[in-house]
Amino acid sequence: MAFEFAGSTSEKFAYYTDCLYNWYYTEYLYFTQREEVMEKVTAQDFQKNFGTYQDHAIRQPVIITKHGKERLVLMSYEDYIELSRSTRQALHVTELDDEHLQAILSSKVPDEYAHLDKELEDE
């Protein structure tokens, strides 16, 4: 059963737009903050300690650098499969299934980013 919202068309549009914004913002924070906690290792150290970093990559991706630049990422097979299946699609709000709609509805923007809402307000 699809989620129904009682209200005018413009109210529905505003509501769904807010929900989508919250959901995408939550996704953005997840992926941008995830890179900050990933372990980085030089290619030379990676070669010397392959088994160790292979074990680390099971828990979280490991970034391998060469000459100070990120070059490769070692990740678990499960992460790779999830990543390869997570192709992005642009859907109209009315095409979202209940699971995604509920995820959007339950998402919250952290208080530290509340000031960004002012950018959306009419002047």
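At 49% relative accessibility, Lys40 counts as partly exposed, and this residue makes a good starting point for a walk through the predicted model. The side chain of Lys40 meets that of Glu70 in a salt bridge, with 2.4 Å from N to O. Lys40 belongs to strand β1 (residues 39–42) and Glu70 to strand β3 (residues 69–74), so the pair ties together parts of the chain that are 30 residues apart in sequence. Glu70, like its partner, is partly exposed, at a relative accessible area of 46%. The structure holds one salt bridge, and Lys40 and Glu70 form it. As a general rule, side chains of opposite charge can pair when their charged atoms come close.

With this pair in place, the whole chain can be surveyed. Five helices and three strands make up its secondary structure, and they follow one another along the sequence as α-β-α-α-β-β-α-α. The chain has 123 residues, of which 20% count as buried. Its accessible surface comes to about 10000 Å², and carbon and sulfur atoms account for 53% of that area. Among the contacts with a separation of 6 or more, 46% are between residues 24 or more positions apart.

One example of residues far apart in sequence is found in strand β2, where Lys66 lies. Lys66 and Thr42 are separated by 24 residues in sequence, yet their C-alpha atoms are 6.0 Å apart in space. The relative accessible area of Lys66 is 39%, which makes this residue partly exposed.

Next comes the interior. Which residues make up the largest nonpolar core? It consists of six residues: Val41, Phe46, Tyr53, Ala57, Val62 and Ile64. Helix α3 (50–59) and strand β2 (62–66) each supply at least two residues of this core. Such a grouping can be set beside a general trend: in soluble globular proteins, nonpolar side chains tend to be buried together. Within the core, Ile64 is a helpful residue to follow. Leaving aside residues up to four places away in sequence, Ile64 touches Val41, Thr42, Ala43, Phe46, Lys69, Glu70, Arg71, Leu72 and Leu74. Two of these names are already familiar from the core, Val41 and Phe46, while Glu70 is a partner in the salt bridge.

Phe46 also leads to the aromatic residues. The structure holds two aromatic pairs. In one of them, Phe46 and Phe50 are arranged edge-to-face, with 5.5 Å from centre to centre and 80 degrees between the planes. Are these two rings' residues buried or exposed? Phe46 is buried, with a relative accessible area of 14%, a value that falls under the 20% limit for burial. Phe50, in contrast, counts as partly exposed at 40% relative accessibility. Together with Tyr53, Phe46 and Phe50 form one aromatic cluster. Phe46 and Tyr53 are therefore members of both this cluster and the largest nonpolar core.

The last stop is Ser107, in the segment after α5 (98–106). Ser107 is buried, since its relative accessible area is 10%. What does the side chain of Ser107 reach? Its target is the backbone oxygen of Ile104, at 2.7 Å.

Methods. Residues numbered from 1 in each chain as written. Predicted model: local features only at pLDDT ≥ 70, side-chain atom pairs only at ≥ 80, totals over all residues. Heavy atoms only, no water. Helix = DSSP H or I, 4+ residues; strand = E, 2+ residues; numbered from the N terminus. Buried < 20%, exposed > 50% of the residue type's maximum accessible area, 1.4 Å probe, protein only. Polar contact = N/O pair within 3.5 Å; in protein donor to acceptor, adjacent residues only side chain to side chain. Core = buried A, V, L, I, M, F, W, Y, C linked by side-chain atoms within 4.5 Å. Contact = heavy atoms within 4.5 Å. Salt bridge = Lys/Arg side-chain N within 4 Å of Asp/Glu carboxyl O. Areas by Shrake-Rupley, 256 points an atom, 1.4 Å probe, with all protein chains shown as cover. Phe/Tyr/Trp six-rings, centres within 6.5 Å; stacked < 30°, edge-to-face > 60°.
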